Amino acid sequence: MSEFQLYCFAQSGNAYRAALMLNLIGADWEPKWVDFFGGATRKPEYRDGVNEMGEVPVLVHGKKKLTQSAVILTYLSDLTGKFKPQGEDERLEALRWIVFDNQKVNGFLGPFRFLKNFAKPAGDPAVMAFLQARAQNNLAIVNKRLTGRQYLASDRPTIADVSMTGYFYYPAEEFGFDIAKDHPAIAAWLARMQALPGWKHPYDLMPGYPFGTSGYRNQ
Ligand SMILES: N[C@@H](CCC(=O)N[C@@H](CS)C(=O)NCC(=O)O)C(=O)O
């Protein structure tokens, strides 16, 4: 068995943060596919046995079981020293961007994309318009932050950058707008992240694309 197990599925940008981190740090890890679209996370056995919050990602490392991607990223950076913010100012700055990301960037992009592509029935137009406007507003804030700088919280990539990638690499068709085309500084930053050793696209990194299989896109 691998050193780390990650409960995840290919369509989850929240899980992608953790999967990408594991790959970027060169961890010995394996995915455990969660049948999210089949309702697995709503079942009592998942909530009692895996995560009481009914979410992915969940990271298992020996006897330790961690949820919330921000906690998982912090744990892995503390453990390995990789992508770890240095000093109090950088640590707080990284945390600031992770919270903003979780709540307002990928926190809006994720539900928007879910309601657009996967929910039955699809999202109410007023809800979709609200989520898209909030996501675009906050993407513009991230774009401004990245204008004239390489990474979010430091001159090196940190867990704040890994977190922010969440949903950004998923195909533009899944959003109906193109994050990279609309936001040039985000596009340049995404290319820098993509150039890091170990980077993989979410559909190549986590099982379950397309739906209902535990296979990978390229298998
Ligand atoms: N803040 C959490 C969000 C996790 C999350 O919402 N995951 C989604 C899948 S992408 C989920 O499991 N949702 C189940 C639900 O909300 O019931 C994190 O960053 O880990």
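Modeller: For the pocket linings discussed here, Ala, Val, Leu, Ile, Met, Phe, Trp, Tyr, Cys and Pro count as nonpolar, Asp, Glu, Lys and Arg as charged, and the others, Gly among them, as polar. The model before us is predicted.

Colleague: How should one begin to read a pocket, and what is the volume of the largest pocket?

Modeller: Rolling a probe the size of a water molecule over the atoms shows where empty space is left. In this model, the volume of the largest pocket is about 500 Å³. Its lining comprises 23 residues, of which Ser12, Asn14, Glu55, Val56 and Tyr167 are the closest to the centre. Two or more lining residues come from each of α1 (13-24) and α4 (87-117).

Colleague: Which element gives the largest share of that lining, and how do the residues of the largest pocket divide by class?

Modeller: The largest share belongs to α4, with seven residues. The lining of the largest pocket holds eleven polar, nine nonpolar and three charged residues.

Colleague: What volume does the second largest pocket have, and which residues line the second largest pocket?

Modeller: The second largest pocket has a volume of about 160 Å³. Its lining consists of Thr74, Ser77, Asp78, Lys84, Pro85, Arg91, Leu92, Ala94, Leu95, Ile98 and Ile159. At least two of these are supplied by α3 (69-80), and at least two by α4. The largest share, five residues, is from α4.

Colleague: How many residues of each class are in the lining of the second largest pocket?

Modeller: There are six nonpolar, two polar and three charged residues in that lining. Among the residues counted as charged are Asp, Lys and Arg, and the lining includes Asp78, Lys84 and Arg91.

Conventions: Residues numbered from 1 in each chain as written. Predicted model: local features only at pLDDT ≥ 70, side-chain atom pairs only at ≥ 80, totals over all residues. Heavy atoms only, no water. 1 Å grid on protein atoms, 1.4 Å probe; cavity = no way out; pocket = protein on both sides within 12 Å on 5 of 7 lines; lining within 4 Å. Points joined across faces, edges and corners; volume = space filled by probe spheres on them. Helix = DSSP H or I, 4+ residues; strand = E, 2+ residues; numbered from the N terminus.
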